[in-house]
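I opened my notebook for a friendly look through this one. Here is what I looked up, in the order I went.

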Amino acid sequence: MAAVAEKLVLTADACDIAAMRVTEFCKEMKAEKRDALRYRLAAEDCLTHWLGTELAGNELTIKAGKRFRTPFFALEVDGPRHDPGAEASEEFGPYCNSVLVGLGLEPEYSYIRGRNRVLFRLARKPMNQMVVLGLVLVAALVVGFSGMLLPDNVRQTILSGIVQPLYKTFFDMLTCIAGPMIFLSVAWGIYGIGDVETLGRIGKKLMLRFLRIVFIAAICAAPLFFLLGPGLASSSGTGDQLSSISEMVLGIVPPNIVEPFASGNTLQIIFLAVAVSLALLYLDKRTGGISEAVDQANALVSFLMNAVSKLVPFAIFLVVVNMVWSGTLYTLGGMWKLLVVAIGAMFAASVVFLVSTAVRRKVSVVLLARKCLGSFAIAITTASSMAAFSSNKETCDERFGISDSLSGFGLPLAMVMHRPVLAIYYLLVAFFFAGEFAVSCDSMWLVMAVFVAGVLAIAAPPVPGGSAVVYTMLFAQLGIPAEALALALAVDVIIDFFITAFEQVCLLSTLVNVSAELGMIDMGVLRK
């Protein structure tokens with residue numbers, strides 16, 4: 001669909017026409033009614049803002065169409081720079097706005113060659129991922145078992161000459177993008193807070209709380225190694241163990257800036273991201289141009305990752321065919337155990353969060369659970385934190401009585417940093433595949449797995465394909481073969497519904513506790 005442009009003069013009547021065009025376009029693109037209303041209201045807010053400035057009376061251009069198969073519409077007006085979302089960015093920090101823009105919850109503002117531009121990307125309704133996975137698995141099994149009729153030498157030639165090189169190339173593409181993506185995600189997560197004052201006022205408390213919760217969750221899940229893992233190999237002596245711990249801690253510091261990306265060392269990449277972003281944050285205005293550069297680089301890498309992630313079904317197909325022909329198909333059949341243990345662990349974690357919050361805040365656990373139910377229901381039916389965002393905001397503001405300034409800043413930050421359920425699942429994935437691929441695991445490997453799972457849960461990019469990046473880094477760091485990646489991604493399609501749903505319950509519980517400690521909650525509303 002080619003983009004269509006309509007030119008008007010920025011007046012009150014033009015605002016009404018533009019809002020009507022947005023509604024018509026959303027209807028044409030078959031957007032959800034709730035999303036269409038949100039887009040229209042956001043467009044009206046932008047136009048109303050511009051109408052109250054010296055931009056009134058200037059040329060207004062309305063564009064609508066598709067770009068890279070993604071529907072969009074844009075509002076453009078000539079004149080001096082006026083960002084409709086500037087007030088929100090000043091209050092909550094640019095990072096929160098960037099997260100919402102990336103998730104499609106907020107429009108994207110830009111000022112290019114004397115023209116203000118607000119871009120809305122409409123969320124496309126994707127094909128049901130469960131259906132896609134089912135079709136891929138059926139096709140792979142049909143091709144795999146049909147191929148068993150071929151002579152052994154022909155089958156081996158196809159495996160070594162086509163199947164294995166193709167999925168190795170896919171893994172190489174992921175590895176190539178994974179390092180920069182993790183670096184940019186972490187760097188923007190800290191630097192995008194905006195300034196030292198915001199970081200110290202609310203950001204530091206929230207970030208430290210989120211970090212602590214994630215690692216405590218991972219540590220509590222560590223005993224499940226004996227249920228899913230291969231068993232601990234004999235450890236070396238005390239002196240050697242201390243040396244290994246020292247080597248792990250000091251090894252986080254890279255020898256140079258290139259080495260972490262060349263070797264794919266996850267911990268070193270994250271160390272660099274934290275160090276660089278904190279330095280830039282404290283230098284403040286002297287590095288003003290860095291914020292835009294980091295944000296743009298983050299958008300670029302996310303776009304590339306989204307493109308590569310569309311190849312995941314093909315990678316799963318190739319890996320399953322390879323498993324059938326090589327006689328290792330039993331690995332796929334045994335993954336039910338990972339699913340059962342993971343869902344049980346997630347449920348237990350959410351119950352702990354609810355009960356502990358109810359006890360500390362002297363509120364009924366049933367009441368608290370009922371108030372979280374709306375967000376849980378949306379998340380478990382959509383597997384989308386984006387879809388649950390508006391429900392989370394409404395719950396925080398109206399059902400919990402949390403201050404708008406805290407929920408406005410804390411929710412976007414929590415969406416990308418508060419990941420205890422995800423940390424638990426990443427750890428269980430490492431345990432399961434370590435057992436399936438006979439990885440030698442001693443006590444130091446277990447410590448490393450807990451640490452890496454926690455770090456990657458926090459650093460996981462909240463974009464399509466982000467899980468593929470994390471699994472790539474997780475397996476590389478823990479010595480798990482790359483063949484496990486496609487299997488992990490296949491299970492990820494199913495488990496993502498549960499991860500997203502239980503994560504909302506834990507997130508809302510944490511925000512209640514933090515807001516109570518900061519005195520930014522109305523306890524009467526919470527207990528009502």
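Entry 1. I started with the contacts of Ile 424 in this predicted model. Setting aside neighbours within four places in sequence, I found Ile 424 touching Ala 217, Ala 221, Ala 345 and Ala 349. I then placed Ile 424 on its element, helix α19, which covers residues 420-436.

Entry 2. Is Ile 424 buried or exposed? I read a relative accessible area of 6% for Ile 424, and buried means under 20%, so this residue is buried.

Entry 3. I picked one of those contacts, Ala 345, and checked the backbone. The C-alpha atoms of Ile 424 and Ala 345 are 7.6 Å apart, although 79 residues separate the two along the chain.

Entry 4. Next I turned to helix α15, residues 336-360, and how it packs on helix α16, residues 365-382. The angle came out at about 125°, with 9 Å between the axes. Angles of 115 to 145 degrees fall outside the other classes, and α15 and α16 are therefore oblique to each other. I also noted that the crossing of α15 past α16 is right-handed.

Entry 5. Which residues meet there? From α15 I listed Leu 354, Val 355, Thr 357 and Ala 358, and from α16 Val 365, Leu 368, Ala 369 and Cys 372. Sorted by class, this contact has seven nonpolar residues, one polar and no charged ones.

Entry 6. Last, I stepped back to the whole chain. I counted 23 helices and five strands. Of its 528 residues, 49% count as buried. The chain exposes about 23,900 Å², with 64% of that supplied by carbon and sulfur atoms.

Definitions and conventions:
Residues numbered from 1 in each chain as written. Predicted model: local features only at pLDDT ≥ 70, side-chain atom pairs only at ≥ 80, totals over all residues. Heavy atoms only, no water. Axes fitted to C-alpha atoms, helices over the stretch in contact; angles between N-to-C directions. Helix = DSSP H or I, 4+ residues; strand = E, 2+ residues; numbered from the N terminus. Parallel < 35°, antiparallel > 145°, perpendicular 65-115°, else oblique. Left-handed = near helix turned anticlockwise from the far one by under 90°. Contact = heavy atoms within 4.5 Å. Nonpolar A, V, L, I, M, F, W, Y, C, P; charged D, E, K, R; others polar. Buried < 20%, exposed > 50% of the residue type's maximum accessible area, 1.4 Å probe, protein only. Areas by Shrake-Rupley, 256 points an atom, 1.4 Å probe, with all protein chains shown as cover.
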